[in-house]
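Thank you all for coming. I would like to talk you through one structure this morning, going from helix packing to aromatic rings and then to a few individual residues.

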Amino acid sequence: METRGIDQMFDFQRLPSDGFILLLLLLYAPVGLCLMLLRIFIGVHVFLVSCALPDSVVRRFIVRIMCSVLGLHVRQNSLRLRDKSTRLYICNHVTHFDHNIINLLTSCNTPLLEGPAGFLCWARGYMELGQDVGSRSELTEILRRYCSSPGALPLLLFPEEDTTNGRAGLLKFSSWTFSVSDSIQPVALLVKRPFIAVNTPESSWLAELLWAFFVPFTVYHVRWLPPISREDGETHQEFASKVQELLATELGVISTQITKADKAEHIKRNRHTVPQTAHSSKHGFYDLGARPRTVAQSFLGSSTGAEDSRVVRMAQQVKEVLPDVPLSVITRDLLQTNCVDTTITNLLERNDQFHLEASVGTASGPAKPAASSTPSATASSPDLKLQPAAKSFEKTPVDRHMSLQERKDALYEYARRRYIEKGLNKEDGL
């Protein structure tokens, strides 16, 4: 799967886009709110029962029945496929409660990798490591010693390290989880619910719990796959890739190379941009040649460090080609496009938003091109003839568009020659 398919792996909107389903959800909303309040009351009792009873088959059966009342229905394939001798379960990650669901079927522990320890960690069903872990190697060593301890419960790890919607693809599996044990049992998890998405990025576990109580039901389907061991000479990353392909095939999705860091970067970009499907021109009609763009929620970028310096360098490159465009306008467009060429094209198309010395301002004759910062460009600038502005406002939209397109073409040619001349000047200076 290419990186552009990352949008298909996450649901950024909780509510459905289909009008009919949205109408059904609105009609269901009063019932859902009452159901959520009732399930919160029942959920407290489920928590107390799970704390009071010792870990056993009886407790798991009772809690599983009570979770069905909460709308969390758990299904699994044949129990005979579950290997009781396996010390490590590897599962794909869909919701904040995947480890709780697996725990309803078999006793296992999931370590808390991120977040504060304490009562909340214990209440959510995570295992506290009992000491500060400074690196992945230390964490791996602690978990390896845990798996080698006699009588210890199996470990449940999520090598994706973050959630997806479970419908399109799997995040790249981290190799460190497969260095804990040479023998693992893959677990495929499917999650389905009506009306709304099973999760959204940056949503807290508490919000996800309330939404689970709001909808009629959420179905977790657990599939136990046969255990698999690492072969001699096989690296941990090769072993991780093999298991990832196996789970992807079982789930009917694609195995990707998209990592948790890629997801975080995509969320960051998605937070700063919103789609814009139409662009209105200066004269009040739609520019037929314009493409959909994004609008930055922040006027100027406020980031610092490497990203800020990169934007500054790109802005300087655009400024060298279009010296009369305000730097703030260039920076704002770069925050949206992250591409020098696309920004130059956008600024040339949106010449009504700023004044270009090279653009035609009067109908008396050809406009003078903007002065270049280099002698070579200044000497050749009289040869850069631009299309004069229309002497009258055309009667039909087609004619008006053709007039605008002619001026655009002239501006494109002007910017292209400026760019070529600048490159030649750099070569002459070497």
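Let me begin with helix α1 and helix α6, the latter covering residues 205–214, which pack at an angle of about 115 degrees with their axes 7 Å apart. Please keep in mind throughout that this is a predicted model. The two helices, α1 and α6, are therefore roughly perpendicular to each other, since an angle from 65 to 115 degrees is counted that way. On the α1 side the contact involves L25, Y28, A29, G32, L33, L35, M36, R39 and I40, and these meet L210, A212, F213 and F214 in α6. Sorted by class, the residues in this contact of α1 with α6 come to eleven nonpolar, one polar and one charged. As you look at the spacing along α1, it may help to recall that an α-helix has 3.6 residues a turn, so residues three or four places apart point the same way.

Helix α1 spans residues 19–52, and it also packs with helix α2, residues 57–69, at an angle of about 175 degrees and with the axes 10 Å apart. That angle makes α1 roughly antiparallel to α2. Here the residues R39, I42, H45, V46, V49 and S50 of α1 meet R59, I62, V63, M66, C67 and V69 of α2. The contact of α1 with α2 holds eight nonpolar, two polar and two charged residues. You will notice R39 in both lists, as it is among the α1 residues that meet α6 and also among those that meet α2.

To put these helices in context, the protein as a whole has 13 helices and ten strands, and buried residues account for 42% of its 430 residues. If we take contacts between residues at least 6 apart in sequence, 73% of them join residues at least 24 apart.

Let me turn to the aromatic rings, of which the structure holds nine pairs. In one of these, the rings of F10 and F12 have their centres 6.5 Å apart and their planes at 70 degrees, so the pair is edge-to-face. F10 counts as buried, at 4% relative accessibility, while F12, at 29%, counts as partly exposed. The pair formed by F173 and F178 is stacked, with 6.2 Å from centre to centre and 20 degrees between the planes. For this pair, F173 counts as buried at 2% relative accessibility, and F178 is buried with a relative accessible area of 0%.

Ring pairs also link Y28, F195, W211 and F214 into a cluster, and two of those names, Y28 and F214, have already come up in the contact of α1 with α6. A further ring, that of W224, has the charged end of R82 sitting over it, 5.4 Å from the ring centre.

F195 deserves a second look for its backbone. Most residues other than glycine have a negative phi, yet phi of F195 is positive, near 75 degrees. F195 lies in the loop between β5, residues 183–192, and α6, and at 25% relative accessibility F195 counts as partly exposed. In the loop between β5 and α6 we also find E202, which has a positive phi near 70 degrees and is exposed, with a relative accessible area of 57%. Elsewhere, N338, just after α10, takes a positive phi of about 60 degrees. Within helix α10 itself, residues 327–337, the buried residues are V329, I330, T331, D333, L334 and Q336.

Finally, which residues does T218 contact, leaving aside its neighbours within four places in sequence? They are G71, L72, H73, V191, K192 and R193. T218 has its place in strand β6, residues 218–224, and is buried, with a relative accessible area of 0%. As a last example of residues far apart along the chain, A123 and F47 are 76 residues apart in sequence, and their C-alpha atoms are 8.2 Å apart in space. A123 is found in helix α4, residues 119–123, and is partly exposed, with a relative accessible area of 27%.

Terms used. Residues are numbered from 1 along each chain as its sequence is written. This is a predicted model: local features need pLDDT of at least 70, side-chain atom pairs count only at pLDDT 80 or more; totals for chains, interfaces and linings use all residues. Side-chain values use heavy atoms; hydrogens and water are left out. Rings of Phe, Tyr and Trp (its six-membered ring) pair if their centres lie within 6.5 Å; planes under 30 degrees apart count as stacked, over 60 as edge-to-face and the rest as tilted. Buried means under 20% relative accessible area, exposed over 50%, partly exposed in between (1.4 Å probe, protein chains only). A charge sits over a ring if NZ of Lys or CZ of Arg is within 6 Å of the ring centre and within 35 degrees of the ring normal. Axes are lines fitted to C-alpha atoms, for helices over the stretch in contact, and angles run from 0 to 180 degrees between N-to-C directions. Helices (H or I, at least four residues) and strands (E, at least two) are DSSP runs, numbered from the N terminus. Angles under 35 degrees count as roughly parallel, over 145 as roughly antiparallel, 65 to 115 as roughly perpendicular and the rest as oblique. Contact means heavy atoms within 4.5 Å. Ala, Val, Leu, Ile, Met, Phe, Trp, Tyr, Cys and Pro count as nonpolar, Asp, Glu, Lys and Arg as charged, and the others, Gly among them, as polar.
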